[in-house]
Each structure stands twice: as structure tokens, then as C-alpha cells.
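Here are my notes on the model, point by point. Have it open beside you as you read.

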Amino acid sequence: MITYPNYNRSILSIASSVLNHFGIKDCKHKTLTEFDKLLEKDYKNIIVMLFDGLGTSTLKYHLEENDFLRKHHVTDISSVFPSTTVAATTSIMSGYSPTECGWLGWDLYFEEIGENVAVFRNTLQRNGEPAAKFNVAHKYIPVKSIMKRIEEVNGRRSAYCVSFFSKYRSKSVEDICKTVYKLSKKRKKKYIYAYWHQPDGVMHGHGVTSQEAHEQILHINREIEKLCNKLENSLIIVTADHGLCDSVNEYLEDYPTLFSMLKIPPSIEPSRALSLFVKEGMQKEFETEFNKLFGNDFRLMTKEKVFAENLLGFGNPHPRTYDFVGDFLAVATGNKSLFTEREEHEFVSVHAGLTEEEMTVPFIAIETKKRSKK
């Protein structure tokens, strides 16, 4: 089923509720009503834990109704579009929609260096080599984090980020939980954001319903329950950036006529949300050929249509966002993916499209009380 992003009830709404709660008034996006009501209780620690790929359908497949995370499942919300880590985690970590911040997907075309760049790794798409002596994305599409925005209003040590890439670097779910607990003991009222890259990683390689994914999700469930049993005076939110679906893979290299019409290889998410820059004068021919081959599995949208439908969210677009979307955006609506070429390790499961499995994520809330001293 095709599921479009609902920016009024999305992971961006989680960020908006946090910003509003900590007194940041310049956020123009809708807050999440269920979260707002919980925040009225004014807990000492507001903790948001995001597990990559833990969409609602995956959560329900691998956990029983009485398992800890499902027992505290409040409602479902929407991812942003594209339903992928770069766009989604940047939105929840900044409070800006994909169109506002420009962080649309894994690979973006930067005309300054004439290359598609993997923005999280700062590497070239074509060979994995360093893109430049500087961080390309940080230079051309800088974005201020929620943590900095909160500290500007509430002072130092009022917001923290815990992940493999942050100052509070964590290499396991156990590490993350230990760090979150340690930070929670600090006196000041605070916001803590934590990110872990599973179960996305194992599902890419083994599939949504695999035993490997099952073990990862059971492990996450156990560790979060242990953490919540220790925390005091805290509100813990567990959510995901997107879900995944198992994939039937196609490759542009097998369609040389279509591939030859492109100026550069596809970007943004070159399998499920492909930004396509077409050679001059070949737009009509390309559109006809693409729809003949993939019209049942992808919605081919012109650049103008993408922005007219606010697919990338609301707000003032970053000056570079319009540049990152090519002549067309090919958006997956089923389980078929379109990669540029074959690689040694094929993806079994994917995301970034408009299926319900990819777009729907859980909003899970756990409240812990302040324990009385004996």
C-alpha cells in the first residue's frame, strides 16, 4: 500500500515537541499531541532513543504483545521522505524537514566538485574515496542540531547525543544504555538523544524476517527494559527513522538505453528514491522509456511535482534542496528496487520508498517515577 508522509504526525513532530518543551520558539512544525501530554508532567530527563530500521511492522513481527516495547507502544507515526536514515535522523536531530535542511539521502550531487557524495561518510559515490579535504556536506548544507538549539536557550549540559559517532561514543546497545543512565544522574533537567544502527544493518544483509534481525530486536527489547527499570523521573521515547521491506532488485546497467539518457548516475537514494538528471532534450523520451519498464513499481515525478506536493516536507527549502532533485525523482511504491549496478553484497531488504512498511514507525513511551528515599 502506498503511504505518503504525514508531516503533522511524524518523527519531525517528536523533534518539534522536544524543542517546544525546552523553550525553543522558532520551530514551525506540528508537535505530537501524545508526546506533548506526557511532557506536561515535566520529567527531569527527556530521552529519545532511535533504533535504525525498527519500523512498526518489523516490531510487531518480532515481538509479542506482552514484550516490553510493544507493551508501551502508544501510537504509530510517519517517517519523513525519503524514508531513509540521512533524511530522517537529520530531521529528528535538528527539527528541520528534509526540504529545509537539504539532507535528502545517502548520495547527493554537489556541483562544486561535480560528483555524487555519500554525505555521512564524505566519500565519492563512484569509488568510495574521500570526496574532498573538507567535509562537503558540512560546508554546503550545514545544519544546527537540536542539542545546540536547546543549549542556546537552556545553557550548557542541557542536551546530549549518545551514538557511535558522538562525543559520548557507544559501540553497543549496552554502552548506549550505560551512558544514558550515567547522564540521567546529572542534576540539571536535560534532553538525551540516543541512536543505534540496528536492526537496519542486519536486515539489509539478511532480510526483515531473518533470525539475525530477530535476535537484534530481542536484544534491544531486553536492554531497554533493563535501562527503564533503573531510570528515575524520566520519560523515555523509543522510535525509528524508517522501516524496511524485502526487495526484488533490478539494475540500471541491464537497461543500457535508459541508462545512456542520464547525465550522471542516480543520487539521493539510488535504489528506492532516485534523483535522475537527464541529458538535454531527452526528458520526454526518458519518461516514456522509464514508465514502460518500471511504471508499475515506481512513481516517476518531475522536479516541479515533488515540490508542489511537498513530498520532502514543509518550510522554506534550503537553497540546495532544489538542486539535489534532478529532472525526475523515481519513487518506489512496491517491493522492487532499482540499483545502478550489481555489487558484491546485494541488499536483501531496503528502504526510502513509499510502502507502509517503510513509512510507518512506532511511538513508544515509558514513564519512570522518582523513587522516594528511605
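1. First, some vocabulary: helices (H or I, at least four residues) and strands (E, at least two) are DSSP runs, numbered from the N terminus. With that in hand, look just past H1, where Gly23 takes a positive phi of about 85 degrees. Gly95, which follows H5, also has a positive phi, near 85 degrees.

2. A word on ground rules. This is a predicted model, in which local features need pLDDT of at least 70 and side-chain atom pairs count only at pLDDT 80 or more, while totals for chains, interfaces and linings use all residues. Residues are numbered from 1 along each chain as its sequence is written, and side-chain values use heavy atoms, with hydrogens and water left out.

3. Back to helix H1 (residues 11–21). Nine of its eleven residues are buried, so H1 is largely enclosed by the rest of the structure. Buried here means under 20% relative accessible area, with exposed being over 50% and partly exposed in between (1.4 Å probe, protein chains only). The buried set runs through Ile11, Leu12, Ser13, Ile14, Ala15, Ser16, Ser17, Val18 and Leu19. At the N-terminal end, Ser10 acts as the cap, with a side-chain oxygen 3.1 Å from the backbone nitrogen of Leu12.

4. Helix H5 (residues 85–94) is mostly covered too, with nine of its ten residues buried. What covers those buried residues? The cover includes H1, E1, helix H6 (98–101), helix H8 (146–154), strand E8 (190–196) and E9.

5. Now the sheet. It is open, has seven strands in the order E2-E18-E9-E1-E8-E6-E7, and its pairing is mixed. Strand E2 (73–78) and strand E7 (168–169) are the edges; each has a single partner strand, so one side of each lacks a neighbour in the sheet. Two strands count as paired if DSSP finds at least two bridges between them.

6. Strand E1 (residues 45–51) runs parallel to E9, joined by six bridges, and parallel to E8, joined by seven. To find your way around, Val48 stands opposite Ile237 in E9, and Leu50 has Tyr195 in E8 as its bridge partner. Helix H9 (residues 173–184) packs on this sheet, touching E1, strand E6 (159–163), E7 and E8, and its direction makes about 175 degrees with that of E8. Contact means heavy atoms within 4.5 Å; axes are lines fitted to C-alpha atoms, for helices over the stretch in contact, and angles run from 0 to 180 degrees between N-to-C directions.

7. Strand E9 (residues 234–239) deserves a look: six of its six residues are buried. In a regular strand the side chains alternate between the two faces of the sheet. Here both faces are covered, with Ser234, Ile236 and Val238 buried on one side and Leu235, Ile237 and Thr239 on the other. E9 also pairs with strand E18 (residues 360–368), antiparallel, over five bridges, and Leu235 is partnered there by Glu367.

8. Why is there no disulfide between Cys27 and Cys101? Their sulfurs are 12 Å apart, too far for a bond; a disulfide needs the pair within 2.5 Å. The structure holds zero disulfides. Cys27 is buried at 19% relative accessible area, and Cys101 is buried at 2%.

9. Last, Asn122, in the loop between strand E4 (115–118) and strand E5 (123–124). Asn122 counts as buried at 13% relative accessibility. Its side chain reaches the backbone oxygen of Phe134 at 3.0 Å.

Notes:
A polar contact is a pair of N or O atoms within 3.5 Å; within protein, one must be able to donate a hydrogen and the other to accept it, and residues adjacent in sequence count only if both atoms are side-chain atoms.
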